[in-house]
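Reader: I would like a close look at one part of this protein, the helices that pack together ahead of the strands. Please take me through the contacts there, then set that part against the rest of the chain.

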Amino acid sequence: MRALAFMLLLVVSGAFAAPTPEDKLSRVFESIEGNRLDEALTRVDTLIREYPNFRLAHLVRGDLLLARSRPLQTFGNVEKTVPPEKVDGLRDEAFARLRALRERPADDRLPRSVLQLHAEQKHVLMVDSRRSRLYVFANAQGRPKLIADYYVTLGKNGIDKARQGDQKTPVGVYHVTANLPRKKLTDFYGAGAFPINYPNEWDRRQGRNGHGIWLHGVPRDVYSRPPRASDGCIVLSNPDLESVGQHVQVGLTPVIISDEVEWSDAAEVERERAALAGALEQWRADWQSRDTERYLAHYSSRFAAPGQNLEAWGAHKRKVNGAKQWIKVGLSRVAMFRYPRERDFVVVTFDQDYKSSGLSNVMRKRQYWVKEGASWKIIYEGAG
């Protein structure tokens, strides 16, 4: 009875979850690497029966059949009469999936970009463009815990989107803005779509433009696409998109797109989080003190808010604060994410509860902080 109870517990916890198509393909790869080619062929035949639109599986099957007459050298080991563009994308997909199998992050490593999640953000999505991989992290008391990862397709021309039509995927910190079900879309988008807020405030400040960057699925006649095949969107197989969709909260779920996920140990991430949290708290306290010069010392000389530079911002704050008898500022639902590519650059969002002798309001605010020397400074501030 105890053994049966233990087995049921494993099933409920997901330890015996049904293998995904990628799991099954990984087992094919394992058989190939072990030189068990007949076993690999049996496994890939099973995969194709279950997912006949999985084109990569068909390519691997062709390789295995050719291996009966000559050595298996690489994926897509086809006759030279076949145009290379027909197999190059599938070969790239095979290598991307194989790398994911071999390069698993250690259990004690955390993504350096995720400094703090607020309690309502149940998950965060991170895209590693070099590995064509999307990682899903759960919020474990403010700390990210890796729970799943998926193969993804990105822009035909890579990443670092700058303008409309460049067929690149953006790099940055975003969030999901909508959930578009299959019935509202054409078959091109597959199981559905989750738009993100590109261009964000920082993109616009850098002169980047364009729109329509989504996480979405694929048409019914394909299982997946090559690693570089979209017009800039993040594309998953339909089963994978449906799995990811279970973890998405519109307006809340962060999507961090980077060259690659930078992994760190928990102590280092906590050290960085605490340093920035201290700077944020000091900014709040200095504002509440009505010492405007001390408050303005938290802002970078490169600061800009919508319609204001640092000089205009300072003049406005001196006028407003000078007219107040008292100010109280409360911060809640704080989230912090280190920005990809930028050095010591973090986006912070929070609910700001402002009360004073003449005004009270609550707003969602977003700030971008940059480290200048040994100090954290605010380079952008606006509604979040």
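Author: What follows starts with the whole, moves to the helices, and ends with some loops.

The model is predicted. It holds 10 helices and 20 strands. Along the principal axes, the C-alpha atoms fill a box of roughly 85 × 60 × 45 Å. The protein has 384 residues, and 49% of them count as buried. Take the contacts with a separation of 6 or more. Residues 24 or more positions apart account for 60% of these.

Now the helices. Begin with α3, residues 37–50. This helix has 14 residues. From first C-alpha to last, α3 reaches 20 Å, close to the 20 Å expected at 1.5 Å a residue. Which residues of α3 are buried? They are Ala40, Leu41, Val44, Leu47 and Ile48. Seen down the axis, these residues fall within an arc of 125 degrees, so they line one face of the helix. The other side of α3 has exposed residues: Asp38, Thr42 and Arg49. What covers the buried residues of α3? The cover includes α2 and α4, the latter being residues 55–66.

Take α2 next. Serine 31 sits in this helix. Is serine 31 buried or exposed? Its relative accessibility is 0%, so serine 31 counts as buried. Neighbours within four places in sequence are left aside here. Beyond them, serine 31 is in contact with Arg36, Glu39, Ala40 and Arg43. Ala40 is also one of the buried residues of α3.

Helix α2 has a second partner, α5. Here α2 spans residues 21–33 and α5 spans residues 85–102. Their axes lie 10 Å apart, and the packing angle is about 85 degrees. That makes α2 roughly perpendicular to α5. On the α2 side, the contact uses Glu22, Leu25, Ser26, Phe29, Glu30 and Glu33. On the α5 side, it uses Ala94, Arg97, Leu98, Leu101 and Arg102. By class, this contact has 5 nonpolar, 1 polar and 5 charged residues.

Helix α4 also meets α5. The two axes come within 10 Å and cross at roughly 95 degrees. That makes α4 roughly perpendicular to α5. From α4 come Arg55, Leu56 and Leu59. From α5 come Val87, Leu90, Arg91, Glu93, Ala94 and Arg97. The classes here are 5 nonpolar, no polar and 4 charged. Two residues of α5, Ala94 and Arg97, take part in the contact with α2 and in the contact with α4.

So much for that group. Further along the chain is α7, residues 238–245. What does the buried side of α7 pack against? Its buried residues are Asn238, Asp240, Leu241 and Val244. They cover an arc of only 160 degrees around the axis, which puts them on the same side of α7. They pack against strands: β3 (123–128), β4 (133–140), β5 (143–151), β9 and β10 (214–216). The buried residues of α3, by contrast, have a cover that includes the helices α2 and α4.

Strand β9 leads on to a loop. Proline 199 lies between β9 (192–195) and α6 (201–205). A cis peptide bond joins tyrosine 198 to proline 199, with omega about -5 degrees. As background, most peptide bonds are trans, and most residues other than glycine have a negative phi.

Two aspartates have a positive phi. Aspartate 160 is in the loop between β6 (154–155) and β7 (172–175). Its phi is near 75 degrees. Aspartate 160 is partly exposed, with a relative accessible area of 30%. Aspartate 344 is in the loop between β17 and β18. Its phi is near 50 degrees.

The loop of aspartate 344 lies between β17 (327–338) and β18 (345–356), and glutamate 342 has its place there too. Glutamate 342 counts as partly exposed, at 31% relative accessibility. How far apart are glutamate 342 and glycine 172 in sequence and in space? They are 170 residues apart in sequence. C-alpha to C-alpha, they are 9.3 Å apart in space.

Back to the part you asked about. Helix α5 is roughly perpendicular to α2 and roughly perpendicular to α4. Helices α2 and α4 are both among what covers the buried residues of α3. Those residues line one face of α3, and Asp38, Thr42 and Arg49 are exposed on the other side.

Key: Residues numbered from 1 in each chain as written. Predicted model: local features only at pLDDT ≥ 70, side-chain atom pairs only at ≥ 80, totals over all residues. Heavy atoms only, no water. Axes fitted to C-alpha atoms, helices over the stretch in contact; angles between N-to-C directions. Helix = DSSP H or I, 4+ residues; strand = E, 2+ residues; numbered from the N terminus. Parallel < 35°, antiparallel > 145°, perpendicular 65-115°, else oblique. Contact = heavy atoms within 4.5 Å. Nonpolar A, V, L, I, M, F, W, Y, C, P; charged D, E, K, R; others polar. Expected span 1.5 Å × (residues − 1). Buried < 20%, exposed > 50% of the residue type's maximum accessible area, 1.4 Å probe, protein only. Arc of directions from axis to C-beta.
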